[in-house]
Amino acid sequence: MSQELNEIKQLAYKLTPEEQLDLIAYLTQKLQRCEIKRKPSRDIMEFAGIAPNLMGGMDAQEYVTRMRRGEFPDLEIAEKQLGQQE
């Protein structure tokens, strides 16, 4: 949330109920004239087949099991390096 929005909320809290209603009416009228663009929704099927490419065609359960056994040391090194950077 932006600092400006926090400041406006604090100021609005100090207004009388009538002033708050006036503010709501003003914002409502203003927004009725605006075109609000929604984020495009994504079709879940767009993601089909992505994971096998990342896992080298391996079954997801097998991949997780092997990763827990430590069969992918390069992943552990990468995770440790990321942890050190934070």
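This passage describes helix H1, a nonpolar surface patch and the salt bridges of a predicted model.

Helix H1 covers residues 3–14. At 1.5 Å a residue, the twelve residues of H1 should span 16 Å. The C-alpha atoms at the two ends of H1 lie 17 Å apart, which agrees with that expectation. Of these twelve residues, the number buried is one, so H1 lies largely in the open. Ile8 is found in this helix. With a relative accessible area of 49%, Ile8 is classed as partly exposed, because that class lies between the limit for buried, under 20%, and the limit for exposed, over 50%. Ile8 also belongs to a nonpolar patch on the surface, formed together with Met1 and Leu5. The accessible area of Met1, Leu5 and Ile8 together is about 320 Å².

Salt bridges were searched for over the whole structure, and three were found. One of the pairs is Glu62 and Arg66, whose side chains meet with an N to O distance of 3.8 Å; this value falls within the 4 Å cut-off for a salt bridge. Both Glu62 and Arg66 lie in helix H4, which comprises residues 60–69. The two residues are four places apart in H4, about one turn of the helix. An α-helix has 3.6 residues a turn, so residues three or four places apart point the same way. Glu62 is partly exposed, at 38% relative accessibility. Arg66 is likewise partly exposed, with a relative accessible area of 24%.

Arg66 also takes part in a salt bridge with Glu71, and here the N to O distance is 2.6 Å. Glu71 in turn forms a salt bridge with Arg69, in which the closest N and O atoms are 3.0 Å apart. At 34% relative accessibility, Glu71 counts as partly exposed. Arg69 counts as exposed, its relative accessibility being 59%, because the limit for that class is over 50%. Through these contacts, Glu62, Arg66, Arg69 and Glu71 are linked in a network of salt bridges. Within the network, Arg66 is paired with Glu62 and with Glu71, while Glu71 is paired with Arg66 and with Arg69.

Note on methods. Residues are numbered from 1 along each chain as its sequence is written. This is a predicted model: local features need pLDDT of at least 70, side-chain atom pairs count only at pLDDT 80 or more; totals for chains, interfaces and linings use all residues. Side-chain values use heavy atoms; hydrogens and water are left out. The expected span of a helix is 1.5 Å times one less than its number of residues. Buried means under 20% relative accessible area, exposed over 50%, partly exposed in between (1.4 Å probe, protein chains only). Patches are made of residues with over 30% relative accessible area and no salt bridge: like charges are joined within 9 Å, nonpolar side chains (Val, Leu, Ile, Met, Phe, Trp, Tyr) within 5 Å. Accessible areas come from the Shrake-Rupley method with a 1.4 Å probe; for residues, only the protein chains shown count as cover.
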